[in-house]
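Good morning, colleagues. Please look at the chain and its two ligands as they appear on the screen.

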Amino acid sequence: MNFITAGESHGPELTGILEGIPAGLKLDIDAINEQLAARQGGYGRGNRQSIEHDVVKITGGVRHQITLGSPIALTIFNRDHKHWNEIMDPNTEETPQNTLRKVTRPRPGHADLVGGMKYNHRDFRNVLERSSARETAMRVAIGAICKQLLSQLGITITGFVKQIGQVNADIDQLIPATKVESKIKQNDLRVLNNDKVKTIHNLIDKTKRDGDTLGGIIKVVADNVPAGLGSYVNWNTKFDARLAGAVMGVNAMKGVEIGEGFKAATEFGSHVMDPIDWNEEQGWFRDSDNLGGFEGGMTNGMPLVIQAAMKPIPTLYKPLKSVDVNTKDIRKANIERSDVTAIVPASIVIESVVAIEIAKIITETFDGSNMKRLTKQIKDYRAELLKF
Ligand SMILES: Cc1cc2nc3c(=O)[nH]c(=O)nc-3n(C[C@H](O)[C@H](O)[C@H](O)COP(=O)(O)O)c2cc1C
Ligand SMILES: C=C(O[C@@H]1CC(C(=O)O)=C[C@@H](OP(=O)(O)O)[C@H]1O)C(=O)O
């Protein structure tokens, strides 16, 4: 299984091609669109989300809502493109009017300057249009298909915001995914403790007034993932490494933890390792999940627990120092319309990339040609592990 996306933030559309999804998966298109809507939510976003209304259009690989086993082609239109038609049209030549809105003062924390140096773009718009997290809409659509695949195999993935700026959302124990999901208010902060919501809204409002931005911590839990995905035999077969790479591949992520992660480094081993247990009904299990469901780079049958640290949004309405690429004068960085925080949408994106990676390794480990065979193989495999 693999995917690729294309498209600029203010270009006509985002395009995605997802290959390797088994044939015979009945797609719930509404559920894909619900995920896209959830990614548009969250307090602290900029005006762009009131322009966009993300819906997926599938143009290949699916017939009557059932996957064919062939590559799935997806489109999400950028409604904002109509305001950028002149500036972003891929099919017409540059004219004096459409060279407006050049970006020449690179924004610290963005790909602008280094991307410009690497690709020889002196208008940093040529960089920022693609480095924008707009692209994550397509990863969410692809992730939503993967979630549907996993759900047929009994695997669920839930994400939530654990921390925003300095405010802790008070989630430090594993909560069964279904409970978490029922408490999540979409289009609001994905926090469990409602008392915190007001504090967090105030923090975001004040940060916005100050021309500043916020980051946070996202926690994602994948339940009922069978043991033995990934391998210890080579560094590049370790599934925890692949998962961490996918999470780091999301815009603005600066840290990934599996299980207790960095905290485990400060504890004694006796507090961190998860004692091994067995009973007839469950087979092998652990009494705790401090290692986040991984040993030796392999899933161990416990919930996968992944945390991601998102840096504050780099574009500042009170911009930091920069240098104009043409004049070399010291100037304030450019300002592009921006979110104050995007921790809520980012939690949906992290869930999505986790779903993609799990779906990917499952379709590598088992025969992913069609859903019937895949479902049977996973069922047999689970039964085999139960008897081990
Ligand atoms: C869902 C989401 C929305 C984002 N929105 C913005 C934004 O409005 N303004 C901004 O400056 N950065 C935003 N970012 C972060 C930038 O895309 C990101 O920091 C930038 O491309 C540089 O990449 P890096 O942080 O991974 O190094 C957002 C990130 C995510 C995940
Ligand atoms: C468009 C989205 O996020 C964008 C991500 C982003 C960035 O720099 O990453 C900058 C902003 O772009 P714009 O200037 O068009 O408002 C965000 O709105 C989206 O999430 O759909």
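I shall speak about confidence, then the ligand surroundings, then one sheet.

This is a predicted model, in which local features need pLDDT of at least 70 and side-chain atom pairs count only at pLDDT 80 or more, while totals for chains, interfaces and linings use all residues. Residues are numbered from 1 along each chain as its sequence is written, and chains are lettered from A and ligands numbered from 1 in the order in which they are written.

The mean pLDDT, the predictor's confidence in each residue from 0 to 100, is 92 for the chain. Over residues 172-189, however, pLDDT stays under 50. Where pLDDT is low, the predicted coordinates should not be read in detail.

Which residues come nearest to ligand 1? They are Ala 133, Asn 251, Thr 315, Asp 339 and Ala 342, out of 21 around that ligand (C-beta atom, placed from the backbone, within 6 Å). Ligand 2 is surrounded by 14 residues, and the closest are Arg 48, Ser 132, Ala 133, Arg 134 and Arg 337.

Let us turn to the sheet. Its 5 strands (DSSP E runs of at least two residues, numbered from the N terminus) follow the order β8-β7-β9-β15-β10 in an open, antiparallel arrangement. Strands pair if DSSP finds at least two bridges between them. Because β8 (167-168) and β10 (253-258) stand at the edges with a single partner strand each, one side of each has no neighbour in the sheet. Strands β7 (residues 156-164) and β9 (residues 216-223) are joined by 8 bridges, and Thr 158 stands opposite Val 221 in β9.

Notes:
Contact = placed C-beta atoms within 7 Å. Helix = DSSP H or I, 4+ residues; strand = E, 2+ residues; numbered from the N terminus.
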